[in-house]
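Colleague: I'm just starting out with structures, and I'd love to learn how you back up the words you use. Could you walk me through this one?

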Amino acid sequence: MKRFFKGLKGSYIALVLLFLYSPIAIMIILSFNEGKSRANWQGFSLKWYASLLDNSKLMDALEVTLIVAFAATLASVVLGTLGAIGIHACKKKYSTALINLSYLPMTMPDIVTGVSLMMMMVFINKYLFTLPRGMFTMILAHITFDTPYVLFSVLPKLRQMDPNTYEAALDLGCTPMEAITDVIIPEIKPGIITGALLALTMSLDDFVISYFTGGYVQNLSVVVYSAAKLGVTPDMYAMSTIMFVTVLTLLIVVNKRSTLESIS
Amino acid sequence: MYENTKLIELVGISKSFGDTQVLKQINLYICRSEFVTLLGPSGCGKTTTLRIIGGFESPDEGTVLFDGKDITGVPPYKRRVNTIFQKYALFTHLNVYDNVAFGLRLKTPEELLPGVAKPTRAQAREEIDRRIMRMLRLVKMEAYAKRGVDALSGGQQQRIAIARALVNEPEVLLLDEPLGALDLKLRREMQLELKNMQQQLGITFIYVTHDQEEALTMSDTIVVMNGGVIQQIGSGKSIYDEPKNAFVANFIGDSNILDAVMNEDFEVSAAGRVFECVDEGFDKNEPVDMVVRPEDIMLVGEDVGMLNGVVKSVLFKGVHYEMIIEAGSFDWKVHSTAMYAPGSRVGLSVVPSNIHIMHKMAREA
Amino acid sequence: MKRSFFSGPYALWMVLFTIFPLIFVAFYALTDKNGAFTFANLAQGFENDYMKVLWRSIRLALECTAICLLLGYPCAYILAGKDFSRHKSLFVLILLPMWMNFLLRTYATMTLLEDTGVINSLLEKLGMQPKKLIGTRGAVLFGMVYNYLPFMVLPIHTSVKKMDERVIEAAQDLGANPVRVFFRVKLPLSVPGIISGISMVFMPSVTTFAISRLLGSGMIHMLGDTIENQFMTLNNWQFGSALSLVMMALILLSMGLLNRIDINKSERTNNW
């Protein structure tokens, strides 16, 4: 009887996985299809992968995505970690206010974040100083939504830390700066890494905010959107397959290092 | 006292977790209205035994009998026992009243009101309310009926856990180290309260603890366990006065255990001299363990007692002084209200009835 | 230098890039093209056509949330249970799509649903008539469920896994059989996870614009793509901002509602 239920449960999970992965699986298969047909296998071919490399728009967008994501992650890790350390040391009233403020970018719909930033950027460009929307503004926007994730990953670690740690460091002869870099930061490192990974993921994946704040500069998601509006083409399958394999590999690597426990 | 009828019987129970064998062929019976304590160090198997009785673990070998019937395969929700868990396991999504009501609400009106013909749901609800309020009064928590359980202190949560279990009027109550999280004073109070409750209600209590003082305070019978094997079963006094082996002697109370030789009945040699004792039935010249409790050693002037010794250390323990005295090439632990400074020369004496002889324990592999 | 000063740069950034932009939204929402104060933009939002759009967005989001809950709860429950919790890779597999680019996931559904997509191509092959799948309300719903299902599974799984084994045993000890244990103990205790899951699905569902634009072929209008339209195509920042305010109000309302249902506030897991 128990085995029957176990089988039932297993079938359900299998069905859900089927639902989640069949579109992806189909895309992967079709990416190797010689022809454009959706239902007929016309032979194995890598031509769609090759065409990707020729697609300069896509390659540029990929470059943009990577640069923006890494730059924004770097900046937000610094800003967020220091911010968390600062907030942790603040009085309750001030820190609660700042924490509530930090919830704002995460709870606001990304459309509203996107359009509001866009309006502000256009206004600044028109009336204050020349800063047209482009890669730089995109990075600024990314930092804005990435940093709270870093903050909320680091803050719990600070709270778990023994409150006397900083003072112990000072007591043993560290300057405040040394105490922070040599004692506090190593202890909250797992939180910083989690936050960095989270920020990176959010930035790599972002569409809406990049769409509004990038101006003529497009990241990968924006390019896919523009192309998708015109319909589905096979070279996109190749792109999707590559992205899927990348994410899968990353997750396997991370899983092996057991960091996954802390993320999920 | 308890009626001499077997209520629960464990026959040949063995249990392993992975590579470790936690219980080795345990045979045990528990009588109606008895307060039994399973006593032993961590890892001795006492909690596992309790969980097997409760139905949360199944034994690899052996049977569990309840009132003569085999209940080895019966799941916990069908057994007529209730459990008090170590960390109380209260339902955080329910308030105090609903926690206590949980078990009662699962019963049919017929079960709740056995004397009434065709009981209605409304009558059942009234009965439930009656029982809950009576139980809350018993544990002195009636004022907290509608409170959430999160905000209660450890001691209060504990009382609710007790109320929740007892309100179902089980025949047997299993308690898994329930007082562990309480501070000393509260623990002592609760020990007496639990003992009183048990005697008032006449329920069989099976209690698990590693605290020998607790066991001695509350139990009718103590089952001493170590390494998955029962070491000794008996009343507190009998185990204290006549431990069967060195483990039990060491575990219950403080003791001095000396290597000795039983010359003949009523005579034993140890620490370089011969003592008169009250034990018999050992082989002539058998190597044995001799046990003398620290509080049974009398300190007298030098050369006046059976042995001469030098005080090595003194600790003030409040109730008495604890001294280590070297005499006859053995370090004796002595409890006395008189204080002798380190370095003093004293004499030791012990009355024959306070010397206890045990067979030497087989060295465990 | 006090450690608390470190929060300064962060605070400054947040004010500059979060609060100031919102002021712009408020400004444009409440002024006309000449800069004069007016309620006209907000009033326009209450017109019949736009009310329909709002209602459609809410309804679709609710349907999506309900479906995700129905499909996701058993999934999370099974994966957190004794039989399957050892196979952590299964859980990771369910979550993996979450980490894939969201547009590409929508793209994958397009592949299936397009007029010349996989499903229709197969139907043709089998000699049946192709169906209109993309550009329908159903397509948008399908796309939303497909995208957001893992977001429902994750918090419920966390909630179920966190449950104290001893509390379950206590319920059994008190006489509850497995069915009763589920409905009286496990389900109530998993409510914080359910609430978390609902908010993680409802919020993005009601504000999405890419899914409705791509899978609705521009014919199923939701609040999100209406706003985008105002800004990028019609250049009507005033009305667009007004609609943004409406959207924010909607989100605040739903968050408030969910907060009130949340039994154990302290149990709210931050799933990061």
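Colleague: Which residue follows H4(B) with a positive phi?

Modeller: Lys140(B) does, and its phi is near 60°. Keep in mind as we go that this is a predicted model.

Colleague: How do you know what span to expect for helix H4 of chain B?

Modeller: H4(B) covers residues 121-138, which makes 18 residues. The expected span is 1.5 Å times one less than the number of residues. For H4(B) that gives 26 Å, and the span from its first C-alpha to its last is close to that, at 26 Å.

Colleague: What makes Ala124(B) count as a buried residue of H4(B)?

Modeller: A residue is buried if 20 or more other C-beta atoms lie within 10 Å of its own. Ala124(B) meets that cut-off, as do Ile128(B), Ile132(B), Met135(B) and Leu136(B).

Colleague: And why do you say that they line one face of the helix?

Modeller: Look down the axis of H4(B): its buried residues fall within an arc of 100°, so they line one face. In general, an α-helix has 3.6 residues a turn, so residues three or four places apart point the same way.

Colleague: What do the buried residues of H4(B) pack against?

Modeller: Their partners in chain B are helix H2 (96-105), helix H3 (109-112) and helix H5 (154-166). The face turned away from the buried side carries exposed residues, including Arg130(B) and Arg134(B).

Colleague: How many helices and strands does chain C have?

Modeller: Chain C has 13 helices and 0 strands. Of its 272 residues, 47% count as buried.

Notes:
Residues numbered from 1 in each chain as written. Chains lettered and ligands numbered in written order. Predicted model: local features only at pLDDT ≥ 70, side-chain atom pairs only at ≥ 80, totals over all residues. Helix = DSSP H or I, 4+ residues; strand = E, 2+ residues; numbered from the N terminus. Buried ≥ 20, exposed ≤ 12 C-beta atoms within 10 Å, placed from the backbone. Arc of directions from axis to C-beta. Contact = placed C-beta atoms within 7 Å.
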